[in-house]
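With the structure open in your viewer, please follow the stops below in order, selecting each part as it is named and pausing to look around it before moving on.

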Amino acid sequence: MKNLTLENILTACRGVWHGDDALLGKTVSAVVTDSRRVSAGCLFAAIPGERVDGHDFAAAALHDGALCVLAQRIPAGAEGNFILVPDTVAALQAIAGFYRAGFDIPVLGITGSVGKTTAKEMVASVLSQRFCVHKTSGNFNNDLGVALTLFGIEERHEAVVVEMGISHPGDMVRLAEIVRPTAALYTVIGDAHLEFLRSREGIFAEKTVINRYLPEQGLVFCNGDDNLLAGMECAQRALSFGLGDGCDVRAENARTLGDSTACTVSCGDRRFDVCVPAYGEHMLYAVAEGAAVGIAFGLSDEEIAAGIAAYETVGHRARRIETGKLTVIDDCYNANPTSTASALRSLARCDGRRVAVLGDMLELGGQSAALHYETGALAAQLGIELVLCTGEASRETARGAGACGRHFAEKDALIAALAELVREGDTVLVKASRSMRFEDITSALETL
């Protein structure tokens with residue numbers, strides 16, 4: 001890893017060395033937090049967690065070839081090289097910031113209330129048509145995940161796409177300080193993490209902290225259909241994307257082609273057709289995001305279209321499943337009022353009878369009941385024929401849905417009722433916050 005010697009690591013995190021001084025000039029081969037991924041010459045970071053304490057695996061990591069352990073204490077019986085710090089995660093962030101500073105390449109930070117991972121995958125797919133791109137793996141977008149993403153940068157990489165997720169005041173400052181992005185992309189400011197950030201305005205203020213860390217010659221990509229982002233002031237060059245006429249880069253003339261979504265990208269005099277192998281209204285914004293970044297980075301229409309066509313859906317995000325009897329829209333990775341509203345609007349455009357299986361949306365604070373009710377009311381307004389809910393907060397969703405809503409006290413009871421309630425030919429949306437584990441419902445629908 002570029003310039004990541006034990007001595008530099010020690011300096012970056014202001015740790016205390018316990019080991020062989022002769023090894024301080026050695027460069028670590030990798031940085032890992034999972035003892036199962038330990039390799040010869042790596043730095044193993046021992047992180048105390050709610051269920052598992054990484055310190056319990058320090059001795060095994062050293063035995064398996066780790067050059068050093070970054071830890072908050074030396075466990076009994078462990079022998080080898082240690083760097084001791086008060087907080088392992090904070091130390092990893094400091095080391096990651098030092099490591100990132102060694103690369104003079106474009107780094108795009110992506111944030112927003114919804115659609116961060118989709119945007120990251122789309123933008124990386126587009127940029128990969130010309131550049132060697134490193135991107136966030138999965139949804140490693142928190143304080144630890146962002147640090148681990150930065151450690152994945154190699155000298156062969158020509159651009160980096162980093163997903164940056166927050167939930168509390170002050171989170172973005174810590175992330176931006178280590179990522180030091182050269183460009184930022186804001187997907188949308190929605191009703192998420194209201195328990196901690198209070199309002200959309202609070203979310204906007206926290207997320208746009210990134211702009212303070214951008215160079216003056218940097219780029220800001222923002223959703224021009226979002227009233228807060230459209231009015232954002234920044235010192236950098238801004239390029240808006242979206243569906244509305246006021247956006248610099250637009251996705252127009254949308255049409256559904258089986259499991260794919262086709263549209264026309266428009267930017268000034270440039271117009272070209274694209275097709276993305278994915279479903280849903282949100283994919284039009286992903287197309288606009290990918291196109292905006294591609295245009296700003298100098299890619300041709302053909303390169304942008306190829307990158308959009310190469311996009312792959314990640315995890316349980318609007319994944320369309322044809323069971324032979326049903327169409328299941330597996331969108332149960334996570335949920336908040338903004339993303340659920342978008343999913344419901346996409347469902348409403350589907351043929352046949354539409355069924356929404358909805359669960360609790362978490363971290364909404366005092367607005368939870370009203371926002372769940374509004375979600376159910378929107379489903380009814382859109383003509384969704386059946387809204388099945390489970391979870392304490394989703395009682396309000398079912399109530400808002402009126403005659404088409406039904407609430408189940410337990411998830412298992414809802415699953416047991418699916419065979420009776422769901423008909424052949426239905427399109428069924430499955431969506432809830434991650435902790436609801438609605439993939440169990442998706443699996444049950446697949447077996448019907």
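**First stop: strand β10 and its partners**

Begin by selecting strand β9 (residues 183–186) and β10, which run parallel and are joined by four bridges. This model is a predicted one, and that is worth keeping in mind at every stop. Within this pairing, Ala183 has Leu219 of β10 as its bridge partner. Now add strand β11 (residues 237–242), which runs parallel to β10 and is joined to it by five bridges; here Val220 stands opposite Ala238 of β11.

Are the residues of β10 (residues 219–223) buried or exposed? The strand is mostly covered, five of its five residues being buried. Show the side chains, and you will find Leu219, Phe221 and Asn223 pointing one way from β10, while Val220 and Cys222 point the other way. In a regular strand, side chains alternate between the two faces of the sheet.

**Second stop: the open sheet and helix α3**

Select next the open sheet of five strands, whose order is β1-β5-β4-β3-β2 and whose pairing is mixed. At its edges stand β1 (16–18) and β2 (31–32), and because each has a single partner strand, one side of each is left without a neighbour in the sheet. Looking at β1 more carefully, you can follow its antiparallel pairing with strand β5 (residues 82–84) over three bridges, where Trp17 has Ile83 of β5 as its bridge partner.

Then bring in helix α3, which lies across β2, β3 (43–45) and β4 (68–71) and runs at about 120° to β4. The end C-alpha atoms of α3 are 18 Å apart, in agreement with the 18 Å that its 13 residues should span at 1.5 Å a residue. This helix is mostly covered, with 10 of its 13 residues buried, among them Val89, Leu92, Ile95, Ala96 and Tyr99.

**Third stop: the nonpolar cores**

Which residues touch the most other members of the largest nonpolar core? They are Leu70, Ile83 and Phe151, in a core of 55 residues, to which helix α3 (residues 88–100) gives the most, with six residues. Apart from this core lies another, of 41 residues, including Leu108, Met122, Ala183 and Phe272.

Centre the view on Phe151 and display what surrounds it: leaving aside neighbours within four places in sequence, Phe151 is in contact with Met1, Leu4, Val31, Leu92, Ile95, Ala96 and Tyr99.

**Fourth stop: Thr397 and the cysteines**

Move on to helix α14 (residues 395–401), where Thr397 is found, and where this residue counts as buried because its relative accessibility is 1%. Not counting residues up to four places away in sequence, Thr397 touches Leu358, His372, Tyr373, Thr375, Gly376 and Cys389.

From there, select Cys389, which is itself buried, with a relative accessible area of 0%. Why does Cys389 form no bond with the closest cysteine sulfur? That sulfur, in Cys404, is 8.9 Å from the sulfur of Cys389, which is too far for a bond, since a disulfide needs two cysteine sulfur atoms within 2.5 Å. By this rule the count of disulfides comes to zero. Cys275 is likewise in no disulfide, the nearest cysteine sulfur, that of Cys263, being 8.5 Å away. Finish the tour at Cys275, which counts as partly exposed at 30% relative accessibility.

Notes: Residues are numbered from 1 along each chain as its sequence is written. This is a predicted model: local features need pLDDT of at least 70, side-chain atom pairs count only at pLDDT 80 or more; totals for chains, interfaces and linings use all residues. Side-chain values use heavy atoms; hydrogens and water are left out. Buried means under 20% relative accessible area, exposed over 50%, partly exposed in between (1.4 Å probe, protein chains only). A nonpolar core is a set of buried Ala, Val, Leu, Ile, Met, Phe, Trp, Tyr and Cys residues joined through side-chain atoms within 4.5 Å. Helices (H or I, at least four residues) and strands (E, at least two) are DSSP runs, numbered from the N terminus. Contact means heavy atoms within 4.5 Å. Two strands pair if DSSP finds at least two bridges between them. Axes are lines fitted to C-alpha atoms, for helices over the stretch in contact, and angles run from 0 to 180 degrees between N-to-C directions. The expected span of a helix is 1.5 Å times one less than its number of residues.
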